[in-house]
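Please look over the sequence and the model shown here, and then read the notes that follow, which are grouped by topic.

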Amino acid sequence: MHGLGELEAAVMDVLWRAPEPMKVRDVLEGLDTGKQLAYTTVLTVLDNLHRKGWVQRELVGKAYQYEATTSRAEAAANALRELLNSSGDPDGVLLHFARSASEHETELLRKALPRRSRKK
Amino acid sequence: MTVAAALLVTAGLTGLLAPRQLLRLVARGADPLVPLLAWLASTVSVVTTAALAMTLLLLPDHGSHVLAGAHECWSSLEHGMAPSVEAVGGAVGLALVVGLLVRLAVVSVRGARRRARRRRDHLAVLRVTARREPGSPPTLWLDHDEPLAFSLAGTPGVVVATEGLHRRLTREQVEAVLAHERAHLNGRHHLLVAASDALSTVLPFLPLFRRAPGVVRELVELAADAAAVRTCGVETVRAALLGVSGSGTPGSALAMGRDSVQVRLDLLARPRRRPDSARSLLAYGAACTTAMVVPSVTAFVGLLALIVVACP
């Protein structure tokens, strides 16, 4: 584990697995990163995640309790939607396994194919 | 003057006629990388041939020393225009070509920046939501029911896949899908797509440039299929493609995807000689060289033929 990005993923993993909102200390205990992390580090990561909209928090007593804003599946679906929205893009950042943006060229290729193999 | 004109004509003809020939090559079941490389080399060749023509106009003897042996005939063929007219024409043409190249560079750099930004955004989201399976390139697994797979450009690029693949496909078929995506990354296919986009933006005049984005997108899919076939076998790739494309992603984009998938399935169904690497490399080299020299050679052969006919 290194880098803030990986820590964010690990913290989200803990929150997604938890049935209910967690305090910072609970998150710290739930983290299995292979090395001891400081309380303030986890607090910073949770703060970042809150700022980015991944988690919401509520003041209970004196301490904040954190929970994920969406379920893991919803988050995955959102991420996919974002990817797919841009996959028809002119930039070619993404290549999709079973989708292509060029009806016209497919038609050209199909016409170039010998008749024998064009039969369905 | 005449040499320059001949070069320009053949450059134009290449831009017009090459697409059909190259697509025919694909349909005959050639290694998809051959037409892909030939296509890109042809675009370079058309631009350089045009630039060469302009440069010849500017040279004092219009490059006629090339045809020194046919000098007498040459002078009779050369219906003289005032040298100054040719020089001006050459300068204007050359300026045009240089201008286009500069614009190509600007468009490319701008596109590269935009892609880098988009890639960063995607990765920021994926890092949190996806399970990372280390490897080269790493695979990011998203917990989602639809079987989907992408490759995200970059150095290193990443493969993005959904757990739905495991639910719909066998282990070998999933491996075929991943092999296809890795082939995109290893072959720098995103870069080829981006280059063809930039070309068609800057030079939309000839079919060779205008059609490049669509054709390159199709061809890189075929090339990645071919790579997957080499490691996983034709039947596995076919089954994986059917399994993924048949699983009802909604929206009009899919209709297109289906068409494209059908062509890929058709091509996979055709018997293909297993390429050995030495022969492939030779074919790639030959494709590039041919595409590069055909316009110039045609121009000079055409001129020689003209001379032979006109001055027996």
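On the other side of helix 3 of chain A from its buried residues, A:Thr40 and A:Arg51 are exposed, where exposed means 12 or fewer other C-beta atoms within 10 Å of the residue's own, buried means 20 or more, and the C-beta atoms are placed from the backbone. The model is predicted, so local features need pLDDT of at least 70 and side-chain atom pairs count only at pLDDT 80 or more, whereas totals for chains, interfaces and linings use all residues. Residues are numbered from 1 along each chain as its sequence is written, with chains lettered from A and ligands numbered from 1 in the order in which they are written.

**Helix 3 of chain A**
- The buried residues of this helix are A:Val42, A:Val45, A:Leu46 and A:Leu49.
- These four lie on the same side of helix 3 because they cover an arc of only 100 degrees around the axis, the arc being that of the directions from the helix axis to the C-beta atoms.
- After helix 3 of chain A comes A:Gly53, with a positive phi near 85 degrees.

**Nonpolar cores**
- The largest nonpolar core (buried Ala, Val, Leu, Ile, Met, Phe, Trp, Tyr and Cys residues joined through C-beta atoms within 7 Å) has 89 residues, and B:Val160 and B:Ala223 have the most contacts inside it.
- Helix 2 (residues 33–58) of chain B gives this core its largest share, 15 residues, helices being DSSP runs of H or I with at least four residues, numbered from the N terminus.
- A second, separate core of 19 residues includes A:Leu49, A:Leu7, A:Val27 and A:Ala68.

Technical notes
Helices (H or I, at least four residues) and strands (E, at least two) are DSSP runs, numbered from the N terminus.
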